[in-house]
Structures are given as structure tokens and as C-alpha cells.
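Colleague: I have not looked at this one before. Could you put it up and walk me through it?
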Amino acid sequence: MDIGQAAIAAEAGVSRQSIFYAFGDRTGLLTAMARHRDQQSPRLARLVEVASERRTDAGQLLDVVSAWIDYLPDVYPVAILLDAAAITDAEAKAAIEDRMIVLFRNGLVARLRSMARLGLLREGADPDRTAHVVWEICHLRAWRSLVVDCGWTPEEFKSSRLALISTFLRHET
């Protein structure tokens, strides 16, 4: 999906200057595209619904992660471009942080801290580090690597992530 503003303008039947005026730059355009995709995604609505539940148990954590992974294919085409641009572009970094970190990682930190206070993490598991590990194994870069590059199915990706996350949870014997 490497397409420039000129091609987008031509497809939309407007001038490149109109695209620049409306969005500022490629990052602004990509951010607007990500938000537009979000508005059309029933999976994002499901993620927000599940994340809003006031449960603090292992099942709730796995439900949130499952909903996040289900959402990744919707946002992937635009978010992966923003993620790549974020390496050298501060605006792209801010946009991807707005879309991904605020939406998912910060919620993981809070949820896992609550679970740790309730004794739901395995002994010795630090909730902040656990949140960062969960973030990395569920990140869109991991999804791209395994699903897009290696040919895993989205279900294989999800089941492997949920199994890995389960290793951080206290299991009653």
C-alpha cells in the first residue's frame, strides 16, 4: 500500500494541493485514514466494549487481547505504514501512539496492575513488564511477521498469543 498523495488526489478527483490542505502531509492523511477505518470497524466497537467491562480477572484480560487481535486486520494496512514512518517522523510517531499505545498498551498496564493486586498473576510476574511483553507479542509488527510474512492464519496467531499470555497468569491447582 505504498501510494502517494498525488495518486490519492487523482483517484479522488481533486488536486494534490487539496489533499495537502486537508491533511497537511502523508502522516496526516494516514492518521485520517486510520480513524476512518476505525469508524467503520465493528471489531473496534467490540474491543472498546470488552475493554470497558469492569471485570479484573484472567478471562477478561484474554477477552481484551482476543478482541485486540481480531481488530488488527482492520487497522493493519494503515497502521503499519504509520508505524514505519514513526521511525523518522515525530508526527507519525504521535499518530501511532494515539492509535495503538493509548488504545491498548496503557489499558494493559492498568489491567495487569489490578490483577497483580488481586494475586492473579503468577508469582514474581511484574505487571508493568508483563504488560510490555503482552504488548510486543500482540503488536501489529508481530502480526505482520507471523500472519503476513510466515503465512500463519489469524486464528493461529491469536491462539498462540493467548497461550503465551496464559503463562503469566496464576493457575489454581
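Modeller: Keep in mind that this is a predicted model. As a starting point, buried residues make up 38% of the 173 residues in the protein chain.

Colleague: How many helices and strands are there in the chain?
Modeller: The protein chain has nine helices and zero strands, and along its principal axes the C-alpha trace spans about 65 × 30 × 30 Å.

Colleague: Let's go to helix 4, then. Which residues are buried there?
Modeller: Helix 4 covers residues 42–52, and within that stretch Leu44, Leu47 and Val50 are buried.

Colleague: Why do the buried residues line one face of helix 4?
Modeller: Looking down the axis of helix 4, you find its buried residues within an arc of 125°, so they line one face of the helix. The general background is that an α-helix has 3.6 residues a turn, so residues three or four places apart point the same way.

Colleague: And what caps the N-terminal end of helix 4?
Modeller: That is Ser41, which places a side-chain oxygen 3.2 Å from the backbone nitrogen of Arg43.

Colleague: Changing topic, what about contacts across the sequence?
Modeller: If you take the contacts in the protein chain between residues at least 6 apart in sequence, 67% of them join residues at least 24 apart.

Colleague: How much area does the chain expose, and what share of it do carbon and sulfur atoms supply?
Modeller: The protein chain exposes about 9500 Å², with carbon and sulfur atoms supplying 54% of that area.

Colleague: Last one: how many positive and negative side chains are there?
Modeller: There are 21 positive and 23 negative side chains in the protein chain, and the centres of the two sets lie 3 Å apart.

Definitions and conventions:
Residues numbered from 1 in each chain as written. Predicted model: local features only at pLDDT ≥ 70, side-chain atom pairs only at ≥ 80, totals over all residues. Heavy atoms only, no water. Buried < 20%, exposed > 50% of the residue type's maximum accessible area, 1.4 Å probe, protein only. Helix = DSSP H or I, 4+ residues; strand = E, 2+ residues; numbered from the N terminus. Arc of directions from axis to C-beta. Polar contact = N/O pair within 3.5 Å; in protein donor to acceptor, adjacent residues only side chain to side chain. Contact = heavy atoms within 4.5 Å. Areas by Shrake-Rupley, 256 points an atom, 1.4 Å probe, with all protein chains shown as cover. Lys, Arg positive; Asp, Glu negative; His and termini not counted. Charge placed at Lys NZ, Arg CZ, Asp CG, Glu CD.
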